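Trainee: I have just opened this model and would like to learn how to read one of its helices. Could you take me through it step by step?

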Amino acid sequence: MRASLIQLAVSDAEPAAERRARAAAMVRAQDGADLVVLPELWPVGGFAYDAWPTGAEPLDGPTAEAMSAAAKAVGCWLHAGSIVERDPDGPIYNTSLLFAPDGELVRTYRKIHRFGFDSGEAVAMGAGQEIVTADAGPAVLGLATCYDLRFPELFRALLDAGAELLVVPAAWPARRAEHWNLLARARAVEEQAFVLACNTAGTHGGVEQAGRSIVVDPWGRVLAEAGPDEQVLTVEFDPAEVAACRADFPVHRDRLLGIPAPVQR
Ligand SMILES: O=C(O)CCC(=O)C(=O)O
């Protein structure tokens, strides 16, 4: 399986329509890829809060339209990162879009853990409520977004739902780049799954992005890692290694599903 992670540079200076056209061209250039991944909130900027109200779009808006056509042109699965989703009946959401090779939008995932504590996404957006997986041919994908990476219980739920490739688009700041790398490897080891974590490059909303997109195998080995700037990270791997790793080192068999209550002292 060949995957390309498009570590797009996202700046406030570039209009969303131009970035959309640029991203679509980059996806279309990934001839031969089985899976292409874009980062979180790349049309507007994950920290460009002021751009969210005007940049919000429906699930059949301009980003979905451009990404559907690009997936179909390449004939690949496309995790198109996330958009600010405008739900006519509710709040805005940080919503990831997954397209099948025929261009059909087959899954959406609304980010469950909103980042910002008492500001930004945590107050401006609604929280997703659903665990999302997708059978994408050679592997089952599990969807998570950026800050979700800090919550192992979500990844354990994705494991229980059958996930083998954990796909994590992000807008992760440079300031916490070490956490990004460590957590991506930790989630791969814990779930004995591939982790494909695609970050943004550049600076938007005054926040410098880490880049350093990363692909980790089920043994925790880093298969590929990007630098801080815009680049496409391409990697080939065999999804069957997930089952092989789980059979060879069957840690999940020893899970204590009824964790004992803490002892009162
Ligand atoms: O958890 C972090 O350090 C960064 C999270 C983040 O930037 C996000 O979820 O948008």
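**Reading helix α6**

Mentor: In α6, the buried residues are Trp180, Leu183, Ala184, Arg187, Ala188 and Glu191, where buried means that 20 or more other C-beta atoms, placed from the backbone, lie within 10 Å of the residue's own, exposed means 12 or fewer, and partly exposed lies in between. Helices (H or I, at least four residues) and strands (E, at least two) are DSSP runs numbered from the N terminus. This is a predicted model, in which local features need pLDDT of at least 70 and side-chain atom pairs count only at pLDDT 80 or more, while totals for chains, interfaces and linings use all residues. Residues are numbered from 1 along each chain as its sequence is written.

Trainee: Why do the buried residues of α6 line one face of the helix?

Mentor: An α-helix has 3.6 residues a turn, so residues three or four places apart point the same way. Seen down the axis of α6, the buried residues fall within an arc of 135 degrees (taken from the directions from the helix axis to the C-beta atoms), so they line one face. The face turned away from that buried side carries the exposed residues Glu178 and Leu182.

Trainee: Which elements do the buried residues of α6 pack against?

Mentor: They pack against helix α5 (152-160) and the strands β8 (165-169), β9 (194-198) and β12 (214-216).

Trainee: What phi does Gln192 take, just after α6?

Mentor: Gln192 takes a positive phi of about 50 degrees.

Trainee: Which residues does Leu196 contact?

Mentor: Contact means C-beta atoms, placed from the backbone, within 7 Å. Leaving aside neighbours within four places in sequence, Leu196 is in contact with Ala3, Leu5, Val37, Leu165, Val167 and Val215.

How values were computed:
Two residues are in contact if their C-beta atoms, placed from the backbone, lie within 7 Å.
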